[in-house]
Amino acid sequence: MVQYVQARLDASFAALSDATRRGVLEQLGRSDASITDLAEKFDMTLTGMRKHVGVLEQAGLVTTEKIGRVRTCTLGARRLEEETAWLERYRQLWDSRFDELDKVVEELKRKEKIDGRKKRE
Amino acid sequence: MDARRESEPTPMKNLTTVERKSERELVVTRTFNGSARIVFEAWTKPELFKRWWAPKSTGVSLLSCEMDVRTGGKYRLVFGHGASKPMEFFGKYIEVIPHSRLVWTNEESDDGAVTTLTFEEKGGKTLLVLHELYPSKEALDAAGTGAAEVLGETFAQLDELLVTLGESLGRS
């Protein structure tokens, strides 16, 4: 899970290292847009824009959906990543509980040792 | 008190794993540095259970905890969360094998899981395996969303941060 988060951060920062891609995110923050719209807006070829959107999609910053012949781009994470994030949050809940349980277990162990010693005396 | 004991190194933190085994099943595991008897006790004595079930980071507190740990016995947990209405969780124990196995139902909603908890002792340590079987995929999804609400949307916040960062860099 740690590797997963690391990989995702790397992908996110790599995606953000390009001025056009940052512009695309800003644009999508205002409203959804098709690849064609974005290509026009940024004065680029469709192939070039497709590549940029692909990088943003890989980083989980943009979702695309093809309806008919138009591919629409939306700001946001992919479903698969949401699912993984969900499990990670669940793990964090149990992890923080179990950290507290560790303390209780340690205390009971100490108590047992002391009680055992008293019995032997 | 024994001064020597205080200088003992703190044992390394054990890892908690969570895995979705199927659409309806979730498995949580963790090893504890203590006997199965001790870990079982911490799960089944209300005064001990209260001390760890609702850690501060969750923002909820366990207001009351009743447990009749025997086959057919019932339990009831009441949580407080700020000023909102207390939440109740209850059900009954289907199977109780001291220091080894606990199975209980979660009956506060129709979407409640059946939870099986096993304690496996090996070399003074105990592997705890918590298995939840939900009535449907949707019920498990909803339970996950609940945990997300409790802990805050860390990843959503990260996404927002990255987007904001992107916007401000884009302007310059």
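Here are a few friendly questions and answers about this predicted model.

Residues are numbered from 1 along each chain as its sequence is written, while chains are lettered from A and ligands numbered from 1 in the order in which they are written. In this predicted model local features need pLDDT of at least 70 and side-chain atom pairs count only at pLDDT 80 or more, whereas totals for chains, interfaces and linings use all residues.

Me: How many helices and strands does chain A have?
Reply: Helices (H or I, at least four residues) and strands (E, at least two) are DSSP runs, numbered from the N terminus. From that end, the elements of chain A run α-α-β-α-α-β-β-α. That gives chain A 5 helices and 3 strands.

Me: At roughly what angle do the axes of α2 and α4 of chain A cross?
Reply: Axes are lines fitted to C-alpha atoms, for helices over the stretch in contact, with angles from 0 to 180 degrees between N-to-C directions. The axes of helix α2 (residues 19–30) and helix α4 (residues 46–58) of chain A come within 10 Å, crossing at roughly 75 degrees.

Me: Which element gives the most to the largest nonpolar core?
Reply: A nonpolar core is a set of buried Ala, Val, Leu, Ile, Met, Phe, Trp, Tyr and Cys residues joined through C-beta atoms within 7 Å; buried means 20 or more other C-beta atoms within 10 Å of a residue's own, with C-beta atoms placed from the backbone. The largest one has 21 residues, and α5 (79–120) of chain A is among the elements that supply at least two residues each. With 5 residues, the top contributor is α2(B).

Definitions and conventions:
Buried ≥ 20, exposed ≤ 12 C-beta atoms within 10 Å, placed from the backbone.
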